[in-house]
Amino acid sequence: MQAFQQFQHDMAQHLRDPHHTRRPVGVPQRRMAVYNELLFNNICGFVDSCFPVSRQQLGEARWRRLCRTFYRDWPLHTPWFREIPREFVRYLSEGRIAQPLPRWLPDLARYEWAELAVDVMAVTVPAHDAQGDMMQRPVLLNPARMDVVSLWPVHRIGAQWQPRQPQPTFLVVFRDAQLGVQFSEINAVTARLLALLETGLTGQQALAQLAHDMAHPDPPALQSFGEQLLVSLRAQGVLLGTLK
């Protein structure tokens with residue numbers, strides 16, 4: 001059993017880094033090459049499909065090197081293929097990556113992954129009133145949602161534009177009633193309001209707390225503006241109404 005475990009270890013090491021680790025004794029070179037290509041391409045397939053903008057920004061050669069070091073260096077403990085993109089995001093944020101990368105790349109990848117995560121998110125929607133009075137009743141936020149806070153305007157990065165300076169950005173990525181994934185750009189105040197509503201407050205209570213936190217000079221005006229904002233967020237699908 002110990003010899004078999006050693007063989008497994010040697011094979012895994014070679015699969016992760018075939019250019020610097022000898023293949024296990026007794027395994028034909030041609031067969032080993034098939035395994036190497038199959039596993040690496042399989043992992044890359046999941047990464048490529050989730051991060052098309054990041055891939056385009058880096059270019060094919062740099063992207064392949066990044067995928068190779070992720071495959072080689074990052075300890076993947078999950079058995080679920082759909083979690084590979086999440087681990088890639090963690091690698092960009094926490095891994096020791098030798099090649100120079102754009103400072104905004106980890107945030108861009110997190111935003112791209114959020115779209116996938118929301119798309120496959122398994123949620124249960126509580127009983128609610130879609131037309132309920134959100135000022136007087138606890139507000140129900142869309143449970144198929146992720147709040148993305150970034151130092152960079154990641155939703156604007158594309159073939160024609162890259163940011164040069166940080167610009168704090170707040171986004172809500174959510175699944176709409178037609179099961180499509182959408183995003184809404186919000187500001188820091190709205191992000192704080194959503195966080196307060198998440199605790200089960202009514203719209204009125206959340207706006208009162210927000211006015212206190214901001215030392216707002218005109219709380220009634222904030223209440224009026226906030227009520228309109230709640231209606232707008234419900235129309236978008238970020239909010240679903242009120243809890244019953």
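## How H2 and H4 meet

At what angle do the axes of H2 and H4 cross? In this predicted model, the two axes come within 10 Å and cross at roughly 115°. Angles of 65 to 115 degrees count as roughly perpendicular, and H2 and H4 are therefore roughly perpendicular to each other. Their crossing is right-handed.

If you would like to find this contact in the structure, here are the residues to pick out. H2 contributes Leu39, Phe40, Ile43, Cys44, Val47 and Asp48, while H4 brings Trp63, Arg64, Cys67, Arg68, Phe70 and Tyr71. Sorted by class, the contact has 9 nonpolar and 3 charged residues, with no polar ones.

## The largest nonpolar core

Now to the core. The largest nonpolar core has 37 residues, and those with the most contacts inside it are Val47, Phe51, Trp63, Leu66, Phe70 and Phe88. Two or more residues each come from helices H1 (2-16), H2 (29-50), H4 (60-73), H5 (84-94) and H6 (105-120), and from strand E4 (169-175). Of these elements, H6 gives the most, with 8 residues.

Val47, Trp63 and Phe70 are worth a second look: they are among the core residues with the most contacts, and they also take part in the contact of H2 with H4.

## Around Leu66, and a second core

Leu66 is another of the core residues with the most contacts. Leaving aside residues up to four places away in sequence, Leu66 touches Leu58, Phe88, Tyr91, Leu92, Ile97, Gln99, Leu101 and Leu105.

Apart from the largest core lies another one, of 22 residues, including Ile186, Leu197, Leu229 and Val238.

Methods: Residues are numbered from 1 along each chain as its sequence is written. This is a predicted model: local features need pLDDT of at least 70, side-chain atom pairs count only at pLDDT 80 or more; totals for chains, interfaces and linings use all residues. Side-chain values use heavy atoms; hydrogens and water are left out. A nonpolar core is a set of buried Ala, Val, Leu, Ile, Met, Phe, Trp, Tyr and Cys residues joined through side-chain atoms within 4.5 Å. Buried means under 20% relative accessible area, exposed over 50%, partly exposed in between (1.4 Å probe, protein chains only). Helices (H or I, at least four residues) and strands (E, at least two) are DSSP runs, numbered from the N terminus. Contact means heavy atoms within 4.5 Å. Axes are lines fitted to C-alpha atoms, for helices over the stretch in contact, and angles run from 0 to 180 degrees between N-to-C directions. Angles under 35 degrees count as roughly parallel, over 145 as roughly antiparallel, 65 to 115 as roughly perpendicular and the rest as oblique. A crossing is left-handed if the near helix is turned anticlockwise from the far one by less than a right angle, and right-handed if clockwise. Ala, Val, Leu, Ile, Met, Phe, Trp, Tyr, Cys and Pro count as nonpolar, Asp, Glu, Lys and Arg as charged, and the others, Gly among them, as polar.
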